[in-house]
Amino acid sequence: MFSFALGVGTKDSAGNWLEVYYPEPTLNPDPALVAPVLKALSYAGGNQATELTTVQASTCAAAVSDTGLKLQLEHLQTSKKPLVAVILDTDDKPGSVPEAYLKLHLLSHRLVKPHGINLDGIFAALPNVAWTSQGAIAIDELANRQLQARLAGENLEVFSIDKFPKMTNYVVPKGVRIADTARVRLGAYIGEGTTIMHEGFVNFNAGTAGTAMVEGRISAGVFVGNNSDLGGGCSIMGTLSGGGKEVISVGENCLIGANAGLGFPLGDRCTIESGLYISAGTKVTVMDSDLNPVDVVKARDLANKNDLLFLRNSQTGIVECRTNRSKVELNAELHSHN
Ligand SMILES: CC(C)(COP(=O)(O)OP(=O)(O)OC[C@H]1O[C@@H](n2cnc3c(N)ncnc32)[C@H](O)[C@@H]1OP(=O)(O)O)[C@@H](O)C(=O)NCCC(=O)NCCS
């Protein structure tokens with residue numbers, strides 16, 4: 001079995017799921033532990049998301065032997081909101097809202113890495129939702145709810161209109177600092193030791209492997225290696241829109257300068273000068289150790305090569321690639337998460 005999870009969520013007034021929260025999603029669970037739940041749901045194989053009644057939750061709580069699962073079911077049996085059990089036999093593309101939310105949870109719980117799970121068609125699977133101070137609301141029900149709130153003397157704050165909610169309302173992974181939680185979407189993978197400052201942004205199916213300073217944009221599909229520093233306002237191109245197809249990544253111990261940009265996979269111990277935007281096709285002059293030009297290549301030809309320094313020569317305007325001799329050192333005090 002690929003994944004199993006029990007969740008509590010929100011539906012619109014027509015009974016369609018808007019979102020689901022899974023307190024403890026599992027990857028490759030032992031089928032024996034979840035067998036009583038599968039039996040209660042008459043599970044006959046395949047991928048399915050089935051609504052669970054509080055009575056079924058209570059029956060299952062009595063039947064399971066695993067103490068963690070038992071406790072979870074005991075909590076869920078008191079729910080006033082709809083419950084769901086999702087069983088993913090295989091990692092097929094998400095076929096429902098609960099399945100899509102489970103996959104996003106698996107990423108943010110660090111159970112799978114970006115590109116480690118099938119998210120094909122996830123945009124079509126997810127509804128656009130109003131994320132408000134009263135939880136998730138269907139867009140076409142928002143105006144009525146706003147009126148009801150006003151009439152009751154309440155304030156209904158709309159935080160965003162989006163297919164993806166903010167990650168921290170579902171998962172707060174251990175050992176991270178996130179200055180502005182609205183800038184990290186559910187489905188982001190935030191490694192232990194990562195600091196995300198206000199300018200930082202992390203999309204779903206993207207993130208950091210471990211320690212990192214993020215003051216720039218990590219687009220969907222981009223994964224950043226350990227101990228790398230993304231300077232203020234920098235941008236790593238994504239592949240969702242704009243025509244790019246190549247998966248872009250950043251290696252370990254890299255520095256992407258403030259307002260710089262990257263459009264190809266960067267190796268380890270590389271630096272990009274602040275303000276220099278290099279796309280995959282940028283012509284780059286490769287310099288030898290005496291700073292004499294030896295070759296002109298496209299930036300994509302330098303993909304995943306280590307120890308490179310990219311800068312735009314301020315006297316000639318030429319983008320140069322030199323050997324990177326400096327070491328990225330993250331400020332230990334700045335990065336403390338205690
Ligand atoms: C590109 C960069 C890494 C170079 O830094 P550095 O290796 O410390 O280099 P220095 O500034 O000491 O410069 C070394 C030499 O190269 C020259 N040089 C630096 N950048 C140059 C450029 N763009 N064009 C021409 N010459 C340049 C310097 O004038 C100096 O010349 P010298 O040997 O005659 O004295 C740095 O300018 C940079 O952009 N760092 C990013 C910092 C950042 O944005 N951090 C995130 C903050 S949020």
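Glu19 is found in strand E2, which covers residues 17–21, and it offers a pleasant place to enter this predicted model. The residue is buried and yet takes part in no salt bridge. Its nearest side chain of opposite charge belongs to Lys81, at 5.0 Å, whereas a salt bridge requires nitrogen and oxygen within 4 Å. Polar partners are available to Glu19 nonetheless: its side chain makes a polar contact of 2.5 Å with the side chain of Thr10, and another of 2.6 Å with the side chain of Tyr170. Once neighbours within four places in sequence are set aside, the contacts of Glu19 comprise Gly9, Thr10, Val97, Tyr101, Trp131, Ala136 and Tyr170.

It helps to place this residue in the setting of the whole chain. The protein chain contains six helices and 27 strands, and its C-alpha trace spans about 75 × 50 × 40 Å along the principal axes. Of its 338 residues, 47% are buried. Among contacts between residues at least 6 apart in sequence, 50% join residues at least 24 apart. The chain exposes about 15,600 Å², with carbon and sulfur atoms supplying 49% of that area. Its 28 positive and 34 negative charges have mean positions 2 Å apart.

Attention now turns to charge pairs. Side chains of opposite charge can pair when their charged atoms come close. Across the whole structure, the search returns six salt bridges. One of these joins the side chains of Lys11 and Glu51, with an N to O distance of 2.4 Å. Distant parts of the chain are linked by this pair, since Lys11 belongs to strand E1 (residues 3–11) and Glu51 to strand E4 (residues 48–52), 40 residues apart. Both ends are partly exposed: Lys11 has a relative accessible area of 26%, and Glu51 has one of 41%.

A further salt bridge connects Asp307 with Arg269, whose closest N and O atoms are 2.7 Å apart. Asp307 sits in the loop between strand E25 (293–298) and strand E26 (308–312), and Arg269 in the loop between strand E21 (261–263) and strand E22 (271–272), so the pair ties together parts that are 38 residues apart in sequence. Asp307 is partly exposed, at 27% relative accessible area, and Arg269 is likewise partly exposed, at 35%.

Glu320 and Arg322 form another salt bridge, in which the closest N and O atoms lie 3.0 Å apart. Here the two partners fall into separate classes of exposure: Glu320 is buried, with 5% relative accessibility, while Arg322 is partly exposed, with 23%.

Strand E4, already met through Glu51, also holds Thr50. Thr50 counts as partly exposed at 23% relative accessibility. Its side chain makes a polar contact of 2.8 Å with the side chain of Gln48. Beyond its neighbours within four places in sequence, Thr50 is in contact with Leu41, Leu83, Val84 and Ala85. As for Ile137, its C-alpha is 21 Å from that of Thr50, and the two residues are separated by 87 residues in sequence.

Definitions and conventions: Residues are numbered from 1 along each chain as its sequence is written. This is a predicted model: local features need pLDDT of at least 70, side-chain atom pairs count only at pLDDT 80 or more; totals for chains, interfaces and linings use all residues. Side-chain values use heavy atoms; hydrogens and water are left out. Helices (H or I, at least four residues) and strands (E, at least two) are DSSP runs, numbered from the N terminus. Buried means under 20% relative accessible area, exposed over 50%, partly exposed in between (1.4 Å probe, protein chains only). Contact means heavy atoms within 4.5 Å. A polar contact is a pair of N or O atoms within 3.5 Å; within protein, one must be able to donate a hydrogen and the other to accept it, and residues adjacent in sequence count only if both atoms are side-chain atoms. Accessible areas come from the Shrake-Rupley method with a 1.4 Å probe; for residues, only the protein chains shown count as cover. Lys and Arg count as positive and Asp and Glu as negative; His and the chain ends are not counted. The place of a charge is taken as NZ of Lys, CZ of Arg, CG of Asp or CD of Glu.
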